[in-house]
Each structure stands twice: as structure tokens, then as C-alpha cells.
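I opened this model to look up its confidence, its domains, its contacts and one helix. My entries follow in the order in which I made them.

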Amino acid sequence: MLTFIIKLLMKLTVKKLTTYSWITLLILVAGSIYFVREMKNNAYMETDLDEYMPAQHPAFVFSEQAEEWFSIKDGILIAIENKSGVFNPETLEKIKDISSKLQEMSQFEENDIMSLYTADNILGTEDGMDVQPFYEEVPVQPGELDSLRRSVESNDMVHGRLVSEDGTVALIAASMKDDVFDEAFHAEILKFAKSYNGDGDQVYVAGRPIVEGTMGMLGPEDMKRMVPLVVLVITLVLFILLRSFRATLFTLLSVVVSTIWAFGLMAATGVPIYSVATMMPVMLIAIGVAYGIYFYNHLNQYRLSRPQATDSEAVVHAVKLLWKPLSMAAFTTIIGFISLVTSQVYPIKYFGLFTAFGILVAWMLALVFLPSSILIFGSRKRKIRVHDDKPTYTLLNKITDKLLITKKISFTVLVVVIALSLWGLQKVWINSSFLDKFEPDSEIVKTDQFVNSKFGGTSTLNVIIESDEADAFKQPENLRLVDEMQEATEELAKVGNSFSLTDYIKRMNKVMNSDEEAFYTIPESSDMVAQYLLLYEMSGDPENLVKVVNYDYNKLNITFQLKGDDSKTINEAIAVIESYTDRFNELGLTMKYAGSGYKSLVFSDLILEGQLWSIALSLGMVFLLLALMFKSLKAGIIGSIPIVITALISFGVMGLADIALSTTTALLTSIAIGIGVDYAIHFLQTYQVYFKKTNSRHEAIHATMHHTGTAILSNAVVVIAGFLVMLFSVFPPNRMLGLLVSMNMFTSLVGTLSIMMILVYVSQLFKNKKSNNNSISTNNENN
Amino acid sequence: MKTIKFLGLTVLLSMMSTGVILAQKTGLQVMQTVYNLPSGEDTQAELSMVLTNKQGEKRVRQLKQYISETGGVEKKIMYFVSPADVKGTSFMNWSYSTGKEDDQWIYLPALKRTKRISSGSKGDYFMGSDFTYDDLGDRHPDQDTHKLVREETVAGKACYVVESKPKTSGHMYSKTITWVMKDNFIGLKREFYDPNGKLLKTLLVKNYQKISGIWVILETEMKNVQKNHSTTITLRNVKVNQGVPASKFTERSMTMGS
């Protein structure tokens, strides 16, 4: 369609062209106004991590179900630290006050606030059992405080869980209702918690909702910081390359408009802004600017050769020359981003889709808006400068000759680099951690580490065990195996503690046997278990049991508390748990996982899977495109080599430098393939033209290195400069991505100008098979 | 210390009516009439309690219970009949009008021992049901302010509709609305509102009967509309004032089953 329009345009008269230019400008302004309004009305940031996961995936479906069965909810953790111990009237008063105020908040269920104040102290006495709160009125006498401390220390269900083992930190764990956490509540809860600072007490707020909230706060902030910065850097680079204020302005305008349209379409279609999407402006600007540079370069080249040409002549000619290679470059980049659509992970899918749309817009603008702008606003006649690329000419040609002579060295280096990369590749690991997206010394990370150091862990993994038979979890042998599995898993350094029905039963057994430690075990008979459970329901808080076992006693929920939300930690725990699979199966029990920690893990597998698919897809499509474009399989293969090398090195470096694949860095390779292949396209196309013209490999390669070498060098400079701006992001993975994309652009550039150049030369690409004479003559060139 | 009132029977009894018909009453007068209805000196009944959670799973328990009230001491004993694995488990409670803390015992047949339990637990809900101990106990009308909001007919019965709000703060309900039948002063329906003013639970009386000259409610359902959880309590073979011997309420009797 667009091809047709462009062809049609070329036939138009000057007057009509000007009219057409005004129309496009109007459409542009109208479209931009529409999209800005959409953004204002409909754009929102999605920070609920559950919304990042594909809901229909079986693992998520099950997890959602289990979360419903057992009221598994993410909680906010408020830790109150007093270096001289929490057993003083002031701190205890604060624990009571925080607990009761949280219970009153509509975001929490009264029963979901767990603290020393709300917990039951189930005690064994000589002739029976005593269930009491740890305190109702805050104790003030030293004796009372001391006995409170002792009763906490002797209760495993509280000690190390709600009060740290060293007695200096108390925890208030508040499970939130679904979908009630928003920006306003995040601010409110932080303010509320921090108001208890003082008197030697330090209050910390942690937990997944807080991590998500902080991300939601920092994401847009980061975008606000990055956009002006990237605009500034790009302006500078553009001005240096184009040496025209007007051209710089219009190029910038075109990329800003493409960004607005991309976000506007997102808002119009109701797609939220996920954390990865905050990188879109930087990418669209860095990539889109290159198209403007191509346009102005072509325009200026035409002007240089024909100084007398009118604006419209120059524009029409520039567009005529440009539209094919620019379209190729844009479409390969779009393929790179579109390939991300194969991901099951929505943020990545949408990121790919809308960035591709943005690039499409940038491409159209380069072919429509930039020419129109010249027709409407005119362009300043540039003083014709003396060619200052002469030294580049000699340098690039010297390099070309050197490379061709020493090609064995180049291949050796390549083999070594590939070997190193393959070795590094095996060390690549996936990290689904959301905490790792923050600075290691940020408050949120430090708080998390602090709470982890004092308690079981801020992240959770739920194991759901099911049986077809009712009352399965009244059977001692089943419970004993669960208990054994819990203990074995707790051995891991990163597993703080675990909690299930077994803990209640062991506690009841001990309590009913005069609190003797020897009875902290699963009792011998299933009737005994059933009676303990009945007793707990009558004397304790029955709601607690609902969180660990279902009504039919054939679904069990075990909660492991982990000191990290990264895949390594979760996988280690799962490995131990999985080693019990056979023994559970023998008892007719099946095991599944649930909860936010597990969903993150599945999520990270999906990221990897999606990554592999999108690489395969984009490589395949790029190969196909090259082969079709040059009508040669050989060209397809040779043209794909630089990006294959780039992808390999990229993964190799990630492995060797211990950079994990995450939702952010997973985008990398597809982007690199999409942008990097531009270099090969330009190179091959120019080479083909010169080879046809001169019929000499030697001349063609030198001419190509001179012309295209310079062009792709400046393209690389712009893109790298743009992506390096990401080094100023507050999110470490974003910085890493900026660095890696820059590195990839550089490898693509070097790969194209060295290895691919050599291969083009050596393989006698585009050589007509029938013309043997030429083959002899080119062979002779080497001698 | 909360007084444990067993399995809804007390609240049901407290709603029984002598059938006195008064002219236009105030909200307080209606509630006082309900509160002052006489209950039998002793009661025995077979009771079944069905809990239904939001997944539709049911937990069914059959019990036999005895209650007697003499000399300011209310004694209750209950024996679990089913499920089988808790059969023979018994629970006894003595509550004193002097305000003395309740005495409680439990007998677990698997443990073959009777244990004393003392509980200051704030756990509000009784045995995983939707009834709190408060719902099961009789709340004195003086603790609330009452307002007769309207009179209306529910399920063919003319009712007073009384709104009651606690006089002191910190109660788990911000208000309750009770439908009291005009002819017999049995509460037919009650709505419980949470501290944020939202409907939390609905109590429905489904079946009642006059036994030995006293109205007894035989089936009642409490539904927590926020949690989608419900509890149905049904009484069978109710006997009122048939004489339950004092020896029934002993630790020894607990071990012997119903």
C-alpha cells in the first residue's frame, strides 16, 4: 500500500506535492492530538505482578485456584526494631497500636493481621491447656515484661516468626485483600508505618506489594528522567552529524511523534504501561533518529551533486533513492520487535508490538513528514563543504586490505570468541526477581535484607499436596512425610522456615502432653490428629486452619518462607521438595506449587522459552528476507552471520559477566538482531551495486567499505549514544540493557565490516557463474 | 472473658416468646421482651451443624448436648457423635452469673484424658462456624441503643424491624437489624453490619416449634455474605424441662459418652 502511495507521489507535480504535504502535516497533528488525549485519559501503569503473568497458563490457573482455597495472599510486612529489645512498654504499645489500626483499615481482613498482639499463645499446663493472647493491656512491670519475653521464647509458632530470635525486632504481617493496593495506599501505609519511628524504634516496611508499589513509583519517574536526557544526547549527536538546526529539530520531532503514537495506541487499546514499556521512548528515539539521518544524508548528497536543484526535486529524488533501503532497515527492526510477540509474557509481548508500531510510524514519518517539512518550511541551503571523509576513506581501505590479507587471523579470533561465548552461554541464568530490579543499596532492598536476616523470609513458596481420599491429612504417615519434607527443605540456607498443618498438630500434641518437648511430634493415630484439630477449632482460631487444610482434609498448603525472590533460591527449594515426589506418590499424594514465588519461577521459564522462540523467529525471518532481497541463499547466510555472532557474544558476555536474563534483558537479542542486520543489508546492497558496475571484487569491496562503512558507522554512533543514555536509569537491569544493546551494535558493526566483509569477498558473492573470465581476473587481484 | 453459649441454643431460647401481645412498642421494649422470654431449666437435644465454605465443601458434625441452669450456674456438656474419628470427644462448660471466669474441660478419647482448658482467646468464631461466641450468647439490651425503624411483613409474618447500635465503640458490629415476629416475639431474621457499615452476615430462622409450652427454634442459618461461608444448625429430639441429673455435668460423665 505504502509503496504504491510513494510511487504515486513521485509522479505528482510540485503544487500538488505542497498540498499533499499540508494534508500529511494536518493528519499528523490531528493524530498526535488524538493520541495525546488517549494517553491523558486512558494510560495507566501496571504494577500488580500478577497481571504480568499469562492467566490461562495451567500453572497459573492452578495457583490462582490454590490461592482461593487457602486464602494465599501477598502481605505487607511491618518490622519494628529496637536495638535494646522489643519487650518494653513503648514498643509493645506500638505493636498493639499498629495491629489494631491495620485491622480497622478496609484493605485488610481483621483476621489477616498477624503480630505478637493478635497471636494466640497456646500453652500446655499441668492439667490442661491454656489459650491466651500474649498481651491485651501493655505490660509495664519488669516482671510482666520478662514473663512475656519468656512465653514468646518458648512458643515456636511465634518465636522467630513474629519476634526475631534475638528479641530486637517484632513483625506485623498483614495479608492484603486482592486489588486494593494502589499508589495512594502505598503512600498512606508508608506514612502510617514511619509515624512509629522514634524512642529507639526503627520501623521498616517490606513485602511484595511494597516492592510492586515502589516499582510503580520509580518506573514513570525513570521515564521522566530518561526522555529529556535521551533527547538531549540525540540532539547533540544529530547536530554534529547533520549540522543543521532545522534538520535536527524535524528529526527529533518525528521520533517524539512516533513515541507519542506508540504510547497513544497503547492507551487507546487499553493496554497498560508495564515496567519494560518505560524503556520504549529511549528505544524509539535512538532507533528512529537513524531514519532521519538517512533521509538528510541522501538529500544532502543529491544537493552536493546538483546544487541548482529545487527543494521538491531534491526531496523527490531523496525519497526515491531512500525508500527501499530504509524500508528494509525498518522492516528488519520491526521483525526483531514483532518476534517478541511469541512470548507468553504480556509485558514483553506488548513491548514488542507497540515498539514495532512506533518504528513503523518513525519509518513513515521519515518518508512522509520529513519530505513534507522541507516542502512546507523549506530548507536552508547548506554551504558546500569540502569532503572531510578522505582520511576515513584511506583508513577504512587500509583496514580492508589488512583484513583481507590476514583473514586467517580474523577467523582464528572469531573461533576463539565463539568458543568463549559458547562457554559463557552455559552460565546464563534466568532471574525472575523483582527485587533485583532495584539498586543494591536502595531502601527497598536494604529493608528486605534486614527483614530476611531477622525472620524466615519475605518471599513465599506454597506447596499444595492433594489426595483423592478424604481425611488423607489426618493420617499420621502422610503428615510425617510432609513434616520430614519441610525439615529437609528448611536445611537450605535461603529457606527461613516453613509452616503447615503439621506445625499445628505438633504444637497441640506437645500442649496436651504437659508441654513436654518430646511430644513435639505427629501423634500415632489418626483419631488423635482429628481430635486435636477439633480441639484447635474450638479453642484457637479456626480461620488459621482454613489457611493450611481444606474441609475434606485432602488438600494441604505448606508455606515456605524464602530469603530471596530470585530463581536460584526458589529452584534450590523446589529441588529438595521434588526429591520427595516418589514417596508422596507411593502414599497416593500429588504435589503442586502455588503462590507468587512459584508464579515468578514459571514466569522466568516462559521468558526463556519466549526468548529462544523470538530469536529463532527473527533470525529465520531475517535470513529469509536477505535471501529474497538479494535472490541468493548465500547472501542470506552471509548476511545473517554478523547477527548470529552478535547474539552468541551477547549471551556469552551475559554468562561470563554473571548478568541474568530477566524480563528486561530478555528483550536484548531480538532488538540487536533487528537493528544489527541493517548493517549487513546496507553493506550487501552497496556491494551488489558496485560489483555489478565494476565486476571486480576488489574495487567493489573497497567502494562499499568507503561509502557504506561510513554510513553504518554513523548509524551505530547514534544508536549506541541513544542506548547508552539508559546507563542513567534507576533500574540496574535497564542500565545493563543499554550497555548490552550498545555492545551488540558495536559487535554487529565490527562483525559486518570484518568477518562478513571477508566472507563476501572470499565467497565471491553475486558472481555470475557463467563469467569465468571475471573469476580469473578477480583471483588475480589477490596476487 | 467471653461466656460460651452453646450452639445457638441460648440465643434461640432467648428469642422465645410467651406470646404476650403489646400495643405499639419502642425498639428497646421489643428487644427487652425478646430478651426476657423464659427458657427452660434444662434442655437436651441432638444437634447437627453444617459448615459450607465458598468452594461448596461441607463439614458436618453431629452432637448431643445437655444444658442445665441452676443456682446461677449454667452447665453445658456436649458429645460429638460424628464424624467417626472424633466420636466420643466431649466438651463441658460451666458459666457463672457472678462473672467468674468460665470453667471448661475437654475429653479426647484418643488421649483418654480429660483436660482443663482456659481460653482468653480473641478467636471470635465458634468452631469454625459463622457464629461468634457473642452471637450465641445473649447480649443484654442495655448494651445497645434500639430504634424501631419500621414494621413489615416477612414471609407472611408481621414483624417489628429494630435497628440496634452498640453504646460503646470497638464492637465487632457497627449495627444489627432484627426482624421480630409480632405474634410470638421470636426473632425471624437478623442482619449484622461490619465496622465499615457493610453487611457482613445474615441470620435466618428457618424452623421453630413449641415444645413443652416453650417456643424452640429448630433450624437456623447464618450466612457470611462477605466470605460466602454459611453455617446451618438443626436441632432434633429436643426435650425441655425433662430433668437432666447434676451427675451429667462431671468430668467422669465426659468420658462415658452420651
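Confidence. pLDDT is the predictor's confidence in each residue, on a scale from 0 to 100, and I began with it because this is a predicted model. For chain A, I found an average pLDDT of 85, with 94% of the residues scoring at least 70. I then looked up the extremes among the elements of chain A, and noted that confidence is lowest in helix α26 (residues 772-782), at a mean of 42, and highest in helix α15 (residues 476-490), at 95.

Weak stretches. I recorded that pLDDT stays under 50 over residues 770-783 of chain A, where the model has ten contacts beyond four places in sequence. I entered residues 384-392 of chain A as well, since pLDDT stays under 50 there too, and the model gives them four contacts beyond four places in sequence.

Domains. The assignment for chain A lists domain 1 (1-42 + 221-379), domain 2 (58-66 + 450-600), domain 3 (75-206) and domain 4 (630-783). I took up domains 2 and 3 of chain A as a pair, and noted that their C-alpha centres lie 23 Å apart, while 19 residues of domain 2 are in contact with 18 residues of domain 3. On the domain 2 side, the elements that give two or more residues are α14 (443-454) and α16 (501-511) of chain A, and α16(A) gives the most, with four residues. By residue class, I entered this side as five nonpolar, seven polar and seven charged.

Chain contact. How many residues of chain A are in contact with chain B? I found 31 residues of chain A in contact with 27 residues of chain B. On the chain A side, the elements that give two or more residues are β4 (128-133), α17 (526-539) and α18 (542-546), and the largest share, ten residues, comes from α17(A). I noted that the residues of this side of chain A divide into twelve nonpolar, nine polar and ten charged.

One helix. I followed helix α22 (residues 633-656) of chain A from end to end, and its 24 residues reach 34 Å from the first C-alpha to the last, close to the 34 Å expected at 1.5 Å a residue. Where does α22(A) bend? I placed the bend, of about 35°, at Ile641(A), and entered beside it that a proline, Pro642(A), follows within four residues. Just after α22(A), I noted that Asp658(A) takes a positive phi of about 60°.

Conventions: Residues numbered from 1 in each chain as written. Chains lettered and ligands numbered in written order. Predicted model: local features only at pLDDT ≥ 70, side-chain atom pairs only at ≥ 80, totals over all residues. Contact = placed C-beta atoms within 7 Å. Nonpolar A, V, L, I, M, F, W, Y, C, P; charged D, E, K, R; others polar. Domains from an automatic or database assignment. Expected span 1.5 Å × (residues − 1). Bend = angle between axes of the 7 residues up to and from the residue.
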